[in-house]
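Please open the model in a viewer and keep the sequence panel visible. The tour proceeds by selections, each followed by a description of what is found there.

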Amino acid sequence: MHALRRIHQALVPGGILLDMHPVPPSTRAEVRGERLGEFDDAEFQDLVGTAEARILETGLFEQEAETEFDWFERYDDPTELLADVVENWEGCSIPADLEARIREAEPPVDIWERVVLRRFRGL
């Protein structure tokens, strides 16, 4: 709640807050169009749901618009992808079978996510 109040205070009156994050289905890994598997992001989705509810509960913002689209990211080094997930993807883990397929994959490894971009206006 404290962070949302600080963001609201930093905006000009009626300013806009943009929020973008992955939504189901789960993020998947592919190599040349062949699906390797999906990451386990259930914990992350729970965190997102809690954060989204707080944005509106504060009464500081109203949602004006949203759009969903596919987000693509390419890793030339499978080991770098695995390290990135472990170090930076809070609430996301790699099932053992997916990790093995990624390690054995001939690069590049592509990551596909469905994301939502929401626009909120400060009240």
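## First stop: the turn at R32

Select R32, which lies in the loop between β1 and β2. Helices and strands are named here from DSSP runs (H or I of at least four residues for helices, E of at least two for strands) and are numbered from the N terminus. The structure is a predicted model, in which local features need pLDDT of at least 70 and side-chain atom pairs count only at pLDDT 80 or more, while totals for chains, interfaces and linings use all residues. Residues are numbered from 1 along each chain as its sequence is written, and side-chain values use heavy atoms, with hydrogens and water left out.

The phi angle of R32 is near 50°, a positive value in a residue other than glycine. R32 belongs to the hairpin of β1 and β2, which has 2 residues between the strands. With a relative accessible area of 57%, R32 is exposed. In this scheme, buried means under 20% relative accessible area, exposed means over 50%, and partly exposed lies in between (1.4 Å probe, protein chains only).

Next, display strand β1 (residues 16-31) together with β2: the two run antiparallel and are joined by 4 bridges. Strands are taken to pair if DSSP finds at least two bridges between them. To view one such contact, select A29, whose bridge partner in β2 is G37.

## Second stop: two cis peptide bonds

Select P24 and P25, and inspect the bond between them: the peptide is cis, with omega near 5°. P25 is located in strand β1.

Then move to P107 and P108, which are also joined by a cis peptide bond, with omega about 5°. P108 lies in the loop between α4 (96-104) and β4.

## Third stop: a negative surface patch

Which residues form the negative surface patch? Select D40, E43, D46 and E90, which together make it up. Such patches consist of residues with over 30% relative accessible area and no salt bridge, like charges being joined within 9 Å and nonpolar side chains (Val, Leu, Ile, Met, Phe, Trp, Tyr) within 5 Å. For this purpose Asp and Glu count as negative and Lys and Arg as positive, whereas His and the chain ends are not counted.

Centre the view on D40, in the loop between β2 (34-38) and α2 (42-57). D40 counts as partly exposed because its relative accessibility is 39%.

## Fourth stop: salt bridges on strand β4

Show the charged side chains throughout. The whole structure contains 10 salt bridges, each defined as a side-chain nitrogen of Lys or Arg within 4 Å of a carboxyl oxygen of Asp or Glu.

Select R118 and E52, whose closest N and O atoms are 2.0 Å apart in a salt bridge. This pair links distant parts of the chain, with R118 in strand β4 (residues 109-122) and E52 in helix α2, 66 residues apart. Is R118 buried or exposed? R118 counts as buried, at 14% relative accessibility, whereas E52 counts as partly exposed at 25%.

Continue to E64 and R121, a salt bridge in which the closest N and O atoms are 2.7 Å apart. Here too distant parts of the chain are linked: E64 is in strand β3 (residues 61-75) and R121 is in strand β4, 57 residues apart. E64 is partly exposed at 33% relative accessibility, and R121 is partly exposed at 28%.

Now select R114 and D70, whose side chains meet in a salt bridge (3.3 Å, N to O). R114 lies in strand β4 and D70 in strand β3, 44 residues apart, so that this pair likewise links distant parts of the chain.

Finally, add E66 to the selection of E52 and R118: salt bridges that share partners join these residues into one network.

## Last stop: contacts across the sequence

Select T67, in strand β3, and V116. Their C-alpha atoms are separated by 5.7 Å, although the residues are 49 apart along the chain. T67 is partly exposed, with a relative accessible area of 41%.

Close the tour at G59, in the loop between α2 and β3. G59 and G122 are 63 residues apart in sequence and 9.0 Å apart in space, C-alpha to C-alpha. At 43% relative accessibility, G59 counts as partly exposed.

Technical notes
Areas by Shrake-Rupley, 256 points an atom, 1.4 Å probe, with all protein chains shown as cover. Charge placed at Lys NZ, Arg CZ, Asp CG, Glu CD.
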